[in-house]
Structures are given as C-alpha cells and as structure tokens.
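Biologist: I have a model open and would like to know what the usual descriptive words rest on. Please go through them with me.

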Amino acid sequence: MGSDDDKKFAQQFVEAGGFNLFKKYNLEQKEQTLIEVLNILSQLARLSKDYYENIHQLNCYKDLQILIKHPEANIRAKVCNFIGNICRHSEYFYDILFKNDLIKASIEACNDEDKNVRKFACFAVGNAGFHNDRLYEHLRPCVPLLVQLLKDPEEKTRANAAGALGNFVRNSNALAKDLIKHGALVQLLDVVANDNAASNSPRRIALFSIGNLCAYPECRKIFEELNIRNVLEQFKAPKCKDNQVVKYAARIIQKLSGV
C-alpha cells in the first residue's frame with residue numbers, strides 16, 4: 001500500500017465497516033488467517049495515523065502478547081511489524097504498548113532466532129523511540145542487543161538496528177551513556193567504514209545516527225578519538241557517488257565542528 005489507490009481502498013474499507021470483521025477473529029483460527037489480519041492492520045497503520053483510533057478500539061493487546069511469542073516465526077515477525085507501524089506516525093500507542101508489556105516483548109524479539117523477527121523487532125523498538133523520549137528508560141535494555149545486531153547477516157536488520165540506536169538519542173541524551181558503554185559508537189563507525197551491503201542502506205543509516213549522536217559533547221569527543229574524520233574522507237564528493245552518504249557524512253563534520 002502507499003499509492004492513491006491504496007489510500008482510497010483503505011478509506012472505503014473503513015467506511016464500509018471493515019474493522020468489524022476483525023472483531024470476529026480469534027486466536028484459534030488458522031495461521032494464514034492470523035497473518036492476513038496482521039497484514040491488513042499493518043498496512044492501514046502504515047498508511048495513516050487516521051486509522052490509529054480504529055485499531056485501538058479493537059483492543060487486541062492481549063492477543064498481541066500471545067502472538068508475539070507464537071511458535072510460528074512468521075506470525076512473530078508480523079506482530080513486530082505491526083507494532084512498528086502503529087508507532088510510525090505518532091506517539092499515540094507508546095503508553096498503551098508499555099502498559100501491555102509489548103515494549104518489553106519487542107525488545108526480547110530483537111534476540112529471536114529468526115532473522116525476520118529480529119529485523120521487524122528492530123523496526124518496532126526504533127519507532128518506539130522516534131517521536132519523543134517517553135519510552136527511553138524502558139528501551140534501555142535494548143541497547144546492547146541493537147549493538148550486536150549491527151553485525152547481523154541481514155542487511156535490513158543492520159540498517160534497522162542502526163536507525164533504532166539513532167532514534168534512542170534523537171530526543172534527549174538519556175541513553176547516550178548506555179550507547180557509549182555498550183560500544184554503539186565504535187560499532188556504528190565500523191558499519192560506516194566496512195559494511196559491504198550492496199544497497200548501502202546500513203552505511204547511510206549509521207551515518208545519520210552518528211550525526212544524531214554528535215549532538216552531544218561526550219559523543220563528539222569519542223568519535224574524534226576514533227579518528228572519525230579520517231573514516232569520512234572516503235565519503236566526500238566526488239570520490240563517493242552516493243549522494244545520501246555524502247550528505248550525511250557532511251552533516252557529521254558540521255556537528256563535530258559545532259555548527
């Protein structure tokens with residue numbers, strides 16, 4: 001979803017009472033049905049925050065607590081993706097997710113044996129730290145897991161982990177010492193220097209997150225000690241052809257210089 005046609009269909013679906021269909025499902029239904037329900041809800045949440053109230057009215061939080069620990073990895077992954085999407089546009093669900101232990105469950109999912117669960121769990125916790133720092137204290141246990149996931153074989157997981165760490169310092173420095181303590185600064189810079197993903201996505205996002213960290217003097221000091229300026233030399237134009245990488249590297253240099 002995402003095109004005008006998708007948005008039109010979603011609006012018609014809601015106006016026709018589509019959300020009432022979800023009230024009829026239960027956890028005893030086939031796995032494929034549960035996956036389809038989670039897919040539709042995720043797509044609606046991804047499209048617009050206008051559907052957040054409808055989703056909240058379903059009061060499906062107890063079910064989500066069970067499904068995020070489901071034996072089928074695909075269902076666990078879909079729940080994490082759904083949590084990420086209901087945190088995509090605003091902080092509407094932050095307190096609700098925390099009170100229903102779904103922030104804790106999302107953190108635990110970052111350590112899942114399945115690569116897709118880990119990927120979407122990073123997405124979920126990252127968005128839980130994007131809009132404000134309300135959940136930072138509760139996201140603190142996730143920091144070492146995300147640092148480890150910067151080495152994950154899956155490039156999208158590495159990118160999501162890098163983005164989440166950047167979000168954890170986006171709104172305040174409450175978790176900056178934790179990122180320092182668990183080696184996030186070193187590992188993010190290693191992603192910038194050495195990640196070999198064809199998409200360049202982990203590198204781009206790691207650069208942006210380093211830029212967020214450079215808002216704080218204690219982080220700037222460490223990056224200078226790590227010779228970050230030397231690392232960034234290779235990501236200047238015209239040597240580097242990736243415009244986003246060039247832009248984000250330049251942003252870091254500006255912040256290091258106090259601009």
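Biologist: What covers the buried residues of helix 8?

Modeller: The cover includes helix 5 (61-67), helix 6, helix 7 (94-99), helix 9, helix 10 (136-139) and helix 11 (143-149). Cover is judged by contact, meaning heavy atoms within 4.5 Å. Helices (H or I, at least four residues) and strands (E, at least two) are DSSP runs, numbered from the N terminus. This is a predicted model, where local features need pLDDT of at least 70 and side-chain atom pairs count only at pLDDT 80 or more, while totals for chains, interfaces and linings use all residues. Residues are numbered from 1 along each chain as its sequence is written, and side-chain values use heavy atoms, with hydrogens and water left out.

Biologist: Why is helix 8 called largely enclosed?

Modeller: Buried means under 20% relative accessible area, exposed over 50%, and partly exposed in between (1.4 Å probe, protein chains only). In helix 8, 6 of the 8 residues are buried, so the rest of the structure largely encloses this helix. The buried ones are L102, I103, A105, S106, I107 and A109.

Biologist: Where does N111 lie, and what makes N111 exposed?

Modeller: N111 is in the loop between helix 8 (102-109) and helix 9 (115-128). Its relative accessible area is 58%, and exposed begins over 50%, so N111 is exposed.

Biologist: Which residues touch the most other members of the largest nonpolar core?

Modeller: They are V125, L146, F168, L179 and I210, in a core of 82 residues. A nonpolar core is a set of buried Ala, Val, Leu, Ile, Met, Phe, Trp, Tyr and Cys residues joined through side-chain atoms within 4.5 Å. Helix 6 (residues 73-86) gives the most to this core, with 8 residues. Another core, of 5 residues, lies apart from it, and A10, F13, L44 and L47 are among its members.

Biologist: What does F168 touch, not counting residues up to four places away in sequence?

Modeller: F168 touches V125, Y136, L139, C142, V143, L146, L175 and L179.

Biologist: How do you know whether the radius of gyration agrees with a compact globule?

Modeller: The radius is taken over C-alpha atoms, and the globule rule is 2.2 Å times the number of residues to the power 0.38. For 259 residues a compact globule would have a radius near 18 Å; the protein has 19 Å, so the two agree. The C-alpha trace spans about 60 × 35 × 30 Å along its principal axes.

Biologist: How many helices and strands does the protein have?

Modeller: There are 18 helices and 0 strands.
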